[in-house]
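Let's take a walk through a protein chain together. Have the sequence and the 3D view open, and follow along as we go.

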Amino acid sequence: DPADLLALRSACRACVAAVRLAARDHAVVEYLSIRPGMGSHGGSDGKAIEAKGRVFGSGCRHLRVFTNHCNNNPSADILAALRSFVVSTRGRLLKLYVTPMPYSIGRDFALELCRASPQLKELTLRFSEVDTITGEDIDEFCAELSGLCPLLEHVELGNANYNPIIGIGEAESYAKHFPNTKRLNFGGEPVRYAAIEETVRACTRADEVDLS
C-alpha cells in the first residue's frame with residue numbers, strides 16, 4: 001500500500017531518500033489513482049497531489065484521475081497539481097485515464113499531460129460539454145496527440161456518458177492518427193467506409209476488430 005511507504009517516509013529523515021529511491025521500481029506504486037475533491041475520504045487537494053508526485057511519481061506507470069468528486073470541473077490549482085504529478089513521472093507513464101471535464105479545458109490539459117509522457121501507450125479521456133465539437137476538431141486534437149505520444153496503441157475519447165465523443169466509433173474517425181493501434185473499435189455496424197479504408201491503411205499493426 002502506498003500509505004505504508006508514506007508512513008515509512010515520515011519515520012525519519014534517512015527514510016525520505018530511501019522511500020523515494022524504492023518508489024522508482026516498486027510494484028505498489030505502478031498503478032495510482034487520484035480523486036480530487038474527496039477530502040479525508042481518500043481524495044487529494046493540490047498540495048497533496050504534488051507531494052504524492054514527489055514521492056511516488058517516478059514509479060507510476062498507470063495513472064487514473066477521477067473528477068466526479070469535483071463536479072467534473074477541477075479548479076486551476078488542481079489542474080496545476082495534476083500536471084506537476086505527471087511531470088514527476090519523468091516521462092515513464094505508460095497508461096493514462098482521465099474522467100470527464102469540459103472539453104474547452106480538458107483538451108489543452110490532456111495535451112500538456114501527453115507532452116510530459118512521450119512513452120504513453122494507452123490513453124482514455126472523457127469530456128463533458130461536447131455538443132459543439134466536430135469531427136475536424138477531433139482530427140486536429142488527435143494529430144497533436146499522435147505527435148506528442150507516437151507510441152500510442154490505444155486511444156479512447158468519450159463523453160461524460162462513456163459513449164464515443166462525437167457518436168462515431170474510433171475506427172471510423174480518429175484511429176487513423178495512431179498507426180500503432182492494435183485493436184480497431186467500431187462501436188457498432190460500420191457505415192463510414194471511406195474513413196474505415198483510411199484507418200486500415202494507417203493502422204497496419206492492428207490485429208483485432210471490435211464491432212460491439
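Before we count anything, here's what the words mean: helices (at least four residues) and strands (at least two) are runs picked out by DSSP and numbered from the N terminus. Keep in mind, too, that you're looking at a predicted model. With that settled, the chain turns out to have seven helices and seven strands. Start at the N terminus and you'll meet them in the order α-α-β-α-β-α-β-α-β-α-β-β-α-β.

Now for the sheet. In general, the strands of a sheet pair through backbone hydrogen bonds, and they can do this in a parallel or an antiparallel way. Here, five strands line up in the order 1-2-3-4-5, making an open sheet with parallel pairing. Strand 1 (31–34) and strand 5 sit at the edges with a single partner strand each, so one side of each has no neighbour in the sheet. On average, neighbouring strands are turned by 10 degrees against each other, if you ignore direction. To see one pairing up close, look at strand 2 (residues 62–65) and strand 3 (residues 95–102): they run parallel and are joined by four bridges. One residue to find there is V65, whose bridge partner in strand 3 is V98.

Strand 5 also leads us to a pocket. Rolling a probe the size of a water molecule over the atoms shows where empty space is left. The largest pocket has a volume of about 210 Å³. Its lining is made up of 18 residues, and E156, P164, E170, N185 and G187 lie nearest the centre. Strand 5 (residues 154–159) gives the largest share of that lining, with four residues. What kinds of residues line the largest pocket? Seven are nonpolar, seven are polar and four are charged.

Next, two loop residues worth a look. E129 isn't a glycine, yet it has a positive phi of about 55 degrees. You'll find E129 in the loop between strand 4 (122–128) and helix 6 (135–148). Its relative accessibility is 59%, so E129 counts as exposed. Y162 isn't a glycine either, and it has a positive phi of about 65 degrees. Y162 belongs to the loop between strand 5 and strand 6 (183–185), and with a relative accessible area of 47% it is partly exposed.

Finally, what about the inside? Of the 212 residues in the chain, 45% are buried. C70 counts as buried because its relative accessibility is 17%, under the 20% cut-off. C142, at 0%, is buried as well. As for disulfides, the structure holds zero.

Notes. Residues numbered from 1 in each chain as written. Predicted model: local features only at pLDDT ≥ 70, side-chain atom pairs only at ≥ 80, totals over all residues. Heavy atoms only, no water. Disulfide = S-S within 2.5 Å. Buried < 20%, exposed > 50% of the residue type's maximum accessible area, 1.4 Å probe, protein only. 1 Å grid on protein atoms, 1.4 Å probe; cavity = no way out; pocket = protein on both sides within 12 Å on 5 of 7 lines; lining within 4 Å. Points joined across faces, edges and corners; volume = space filled by probe spheres on them. Nonpolar A, V, L, I, M, F, W, Y, C, P; charged D, E, K, R; others polar. Pairing = 2+ DSSP bridges. Axes fitted to C-alpha atoms, helices over the stretch in contact; angles between N-to-C directions.
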